[in-house]
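Q: I have a structure in front of me and would like to learn how to read its features. Could we go through them slowly, with the general idea before each case?

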Amino acid sequence: MLLQLTISGLSQGAIYALVALSLTVVYRSTTIVNFGHGDFVMAGAFVSYVLTVMLGVAFLPAAVLAVIAMFLLGLCFSRGLIRPIRGGPHIGYALMCIAVGYVLRGIARIVWGREVLPMPSVFDMPPVFIGNLVITGDAMFIIGTTTVLLAIFFAILALTDIGKMVQAVYQSQRGAQLIGINVDRFNDMAWGVGAAMGAMGGILIAPVSLLHPDLGASFLIKGFAAMTLGGFGSLHGAVIGALLLGVSEQYAGAYINSALIDITAYLIIVFVLLVRPHGLFGHKTVVKV
Amino acid sequence: MMPTSAQLRFRTILFWLVPALMLAVPMVVNPYVLFIINGILIFVLITLGFNFVIGNLGQLAFANTAFFGIGAYSSAIATTSLGLPWIATIPLAGLAGALGGFLASAAALRGIRLYYLAIITLAFGELMRWIYVHAKSITGGTDGLSMPRETLLGFSLTDDRVKFYIFLVLTVVLVKATLNLLRSHIGRSIMAVRENEVATASLGIPTSRIIVIAFMWSGFVVGCAGSLFALHTAYVFPESFGMLQLIVSFAMVIVGGLGSVLGSILGAVVLTALPEYLRSFPGMEELFFGLIVIAVLLLLPQGLASLLRRLSPIFIERYYRE
């Protein structure tokens, strides 16, 4: 029972990890929290739906195309809508993100109306039985794919010059500019990567859940909770926070009350921020005058 | 350019003239439009309270949906379970909202600021909504509570014309009170905290107390709006107090003008009236809404109120800073 719950928790947590990590990528380089990120996740899922179900493209090329499309969307969003309002209050950024999310959701609703769309399962893998433990094909697929994606992501950060650039920009935008990093373009790229990674989460969740234009809202909150738990701005913290969130949702739902699944994320946010605001792996912020 | 004293007198006249002229509204418009106007008055109050915290105090707190729900449910529970007349529940709802404001300010005082504050207050609103759904014996769960039909001094409270006059009076009172509060030393301290909290504290101003007061006033105004909402729709259920509500009022603040009372009114009027026409097309409402917010952010970052300020100095609010 415990093991079974852990596995379904990890498979949920893997999706949250992609969402939380993509939020963190944007936050680290631009200090903007994308309040419209849930709708980017939804948009990624919808693009892959259009390609696979409506146009008959195979899943893998469709997923790659959807990720590229969302990367470009993130890039254009940063270039066209975030750069012009730079220097204004942070509230402006928050609302801009929400507004763009709204536009995406509006488009999705105009095209699909108020229907809920089922996505066909991708790989009809048979479930694996280990003792009385059942691992569904979808869970294996999600956990496996996410592990590979995360490995690639962290390898790029640790082993390449890009990783050093990311660190430089995170530490000081001005310093990074001084040593010849084009920070504006770097930020655009961060938005693109963030949107693309969020889309991956959407594409992975689409086959195991139903698609609807309001899909994103819950992912946004889960992403926030994972980031808060792991420590805002910490990359590995976001992943670990997400996995912990996925697992604790399952435990709370099974052992305490199934109604708790919906609010575990909120309870974690409130608890962590009141008790340990910098989370598990974040740095304490010190106010300097 | 500051307004001259003649212009200030004209402004005072204008402030009272507009609601005085509005007294005639129920006689000239049809019942549907009146219903919409009642909704606008409620949104004016929500935006007013929300703007007080994010515009004047400068804190990114999203708890106003929680205050709104708390106000609406307090009113509904007090009328249905305790049998109080609705009109008596308005101050009750306001106080309950202020209590919510007090709780939200506790987070801000704990040093939780900016995005952290945004996220924790967002969680506060959603947790309240969870309570509305699950505390079935008091709140009616997902079915919600329906308000009893009442009369006040012989007038039926289901009549939109009667509601309009009550809403109008309350809106004028709360707008005036907010303007006065902003002009007082408390209001000036609130805006000093927005500009620089540490410097404000160094002047001997109790910044913590100022933050609590600002949150509680915001909660009071929005709580009262919740009470009006309960009567307006005659039905209180959890879905009215979700994320959508929050985003709509957030957009109203920004479109009207951050930190401007006039802006709160303009934002509420424009964003309630226009999407109403698009209600029947799924998706169009959201698309339109998103686009108008993007346009305002790009072209008019100070909101619609700044347009009026450019037009005539009488619209300059003295405590407002560009």
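The dialogue below goes from the overall form of one chain to single residues.

Q: What should I know about numbering and the kind of model before I begin?
A: Residues are numbered from 1 along each chain as its sequence is written, while chains are lettered from A and ligands numbered from 1 in the order in which they are written. This is a predicted model, in which local features need pLDDT of at least 70 and side-chain atom pairs count only at pLDDT 80 or more, whereas totals for chains, interfaces and linings use all residues.

Q: How many helices and strands are there in chain B?
A: Helices (H or I, at least four residues) and strands (E, at least two) are DSSP runs, numbered from the N terminus. By that rule chain B has 15 helices and four strands.

Q: What radius of gyration does chain B have, and what would a compact globule have?
A: The radius of gyration is taken over C-alpha atoms, and the globule rule is 2.2 Å times the number of residues to the power 0.38. For 322 residues a compact globule would come near 20 Å, and the 19 Å of chain B agrees with this. Taken along the principal axes, the C-alpha atoms of chain B fill a box of roughly 50 × 50 × 40 Å.

Q: Is V255(B) buried or exposed?
A: A residue is buried if 20 or more other C-beta atoms, placed from the backbone, lie within 10 Å of its own, exposed if 12 or fewer, and partly exposed in between. V255(B), whose place is in helix α12 (residues 243–256) of chain B, counts as buried because it has 26 C-beta neighbours inside 10 Å. Of the 322 residues of chain B, 49% count as buried.

Q: Which residues is V255(B) in contact with, leaving aside its neighbours within four places in sequence?
A: Two residues are in contact if their C-beta atoms, placed from the backbone, lie within 7 Å. With those neighbours left aside, V255(B) is in contact with G267(B), V270(B), L271(B), I292(B), V293(B), V296(B), G303(B) and L304(B). Across chain B, among contacts between residues at least 6 apart in sequence, 78% join residues at least 24 apart.

Q: Which residues of helix α9 of chain B are buried, and what covers them?
A: In α9 (residues 185–195) of chain B, the buried residues are G187(B), S189(B), I190(B), M191(B) and V193(B). Their cover includes α3 (31–56), α8 (160–183), α10 (197–202) and α11 (207–233) of chain B.

Q: How many residues does each chain give to the contact between chain A and chain B?
A: The contact takes 36 residues from chain B and 36 residues from chain A. On the side of chain B that touches chain A, the elements giving two or more residues are α6 (114–134), α12 and α14 (284–299) of chain B, and α6(B) gives the most, with eleven residues.

Q: Why does the sign of phi deserve a look?
A: Most residues other than glycine have a negative phi. T31(A), which is not a glycine, has a positive phi of about 55 degrees; T31(A) lies in the loop between α1 (2–30) and α2 (37–54) of chain A, and with 15 C-beta neighbours inside 10 Å it counts as partly exposed. A234(B), also not a glycine, has a positive phi of about 60 degrees. The place of A234(B) is in the loop between α11 and β4 (235–236) of chain B, and its 14 C-beta neighbours inside 10 Å are why A234(B) counts as partly exposed.
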